[in-house]
Amino acid sequence: MMPSPTPTAAVLGREALAEFVRAQWPDLGEKLGDRVGAFVDTACNSATRHVRDPGAVARFVNLCCVFGPGFEQKPENEWARAILGNDRLAESVKLHQLVARGPRELQGRQADGGDASSRLLRADAALLDRLQGGPDAGRGREASIGRKACDVEAVQIALVDAGWRREYRRVDGAWRWHA
């Protein structure tokens, strides 16, 4: 069962995302100056080609802070295009996989890849905190587990008719067939 879109994500508009970029990525915010809003608009437009949930769009914008807007279209980021193009994955799973794979890609490319990858993970955690209203927002352990998603989207549990099965059992020192 996939989590529903984050209700508080809808209040995180483009101006709030611009403030988030300035706070989490101060060097980028300084470099862009007054163009941070245009950067966020471009990143949001790129995100909405792939995802619709406002929380997923915000996480995509955060990835754009490291890889650049439209990063999924660049040949060196074919891994991102493959994840985003997988129609079997829910939006939340796609973003989880992008955020999980992004740091590995950064470490392989840049001399300061370790720093950039840890900054990406910290910024993503801060963004999730903001979207969810705090690290666990009083919801207990279950709220933090959702951040550690895996590729399993569904599990089917069913009782099977085992009457036909037979097995050997040791009875009175001898092995005999039993239902």
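Helices and strands, as I will use the words this morning, are DSSP runs numbered from the N terminus, with at least four residues for a helix and at least two for a strand. With that in place, please keep in mind throughout that what we are looking at is a predicted model.

Let me begin with aspartate 172, which sits in the loop between β1 (167-171) and β2 (174-178). Its phi is near 55°, a positive value in a residue other than glycine. Most residues other than glycine have a negative phi. As for its surroundings, aspartate 172 is exposed, with a relative accessible area of 77%.

Staying with this part of the chain, arginine 169 forms a salt bridge with glutamate 167, and the closest N and O atoms of that pair are 2.9 Å apart. Arginine 169 counts as partly exposed at 39% relative accessibility, and glutamate 167 is likewise partly exposed, with a relative accessible area of 39%. There is also an aromatic pair here, formed by tyrosine 168 and tryptophan 177, which is tilted, with 4.6 Å from centre to centre and 35° between the planes. The pair counts as tilted because its angle of 35° falls between the cut-offs of 30 degrees for stacked and 60 for edge-to-face. Tryptophan 177 is partly exposed, its relative accessible area being 47%.

Let me turn now to the interior. The largest nonpolar core has 39 residues, and those with the most contacts inside it are Val40, Phe60, Leu63 and Leu98. At least two residues of this core come from each of α1 (14-24), α2 (26-32), α3 (36-47), α4 (54-67), α5 (78-84), α6 (91-109) and α7 (113-132), and the largest share, nine residues, comes from α4.

What is phenylalanine 60 in contact with, once we leave aside its neighbours within four places in sequence? The partners are Ala43, Ser46, Ala47, His50, Phe71, Glu72, Leu84, Leu95 and Leu98. Phe60 also belongs to a cluster in which ring pairs link it with Phe67, Phe71 and Trp79, and the structure as a whole holds four aromatic pairs.

A residue I would like us to look at with some care is lysine 94, in helix α6. Lysine 94 is buried yet has no salt bridge, the nearest side chain of opposite charge being that of aspartate 87, 4.6 Å away. Why does that pair not count as a salt bridge? The distance to aspartate 87 is 4.6 Å, so the pair fails the cut-off of 4 Å. Leaving aside neighbours within four places in sequence, lysine 94 is in contact with His50, Ile83, Leu84, Asn86 and Leu89; His50 and Leu84 are also among the contacts of phenylalanine 60.

Finally, the charged pairs, where the count comes to eight salt bridges. In one of them, aspartate 41 and arginine 14 have their closest N and O atoms 3.2 Å apart, and this pair links distant parts of the chain, with aspartate 41 in helix α3 and arginine 14 in helix α1, 27 residues apart. Aspartate 41 is partly exposed at 32% relative accessibility, and arginine 14 is partly exposed at 39%.

Glutamate 15 forms a salt bridge with arginine 22, the closest N and O atoms being 4.0 Å apart, and these two residues are linked with Glu19 in a network of salt bridges. Here glutamate 15 counts as exposed at 53% relative accessibility, whereas arginine 22 is partly exposed at 32%.

Conventions:
Residues numbered from 1 in each chain as written. Predicted model: local features only at pLDDT ≥ 70, side-chain atom pairs only at ≥ 80, totals over all residues. Heavy atoms only, no water. Core = buried A, V, L, I, M, F, W, Y, C linked by side-chain atoms within 4.5 Å. Buried < 20%, exposed > 50% of the residue type's maximum accessible area, 1.4 Å probe, protein only. Contact = heavy atoms within 4.5 Å. Lys, Arg positive; Asp, Glu negative; His and termini not counted. Phe/Tyr/Trp six-rings, centres within 6.5 Å; stacked < 30°, edge-to-face > 60°.
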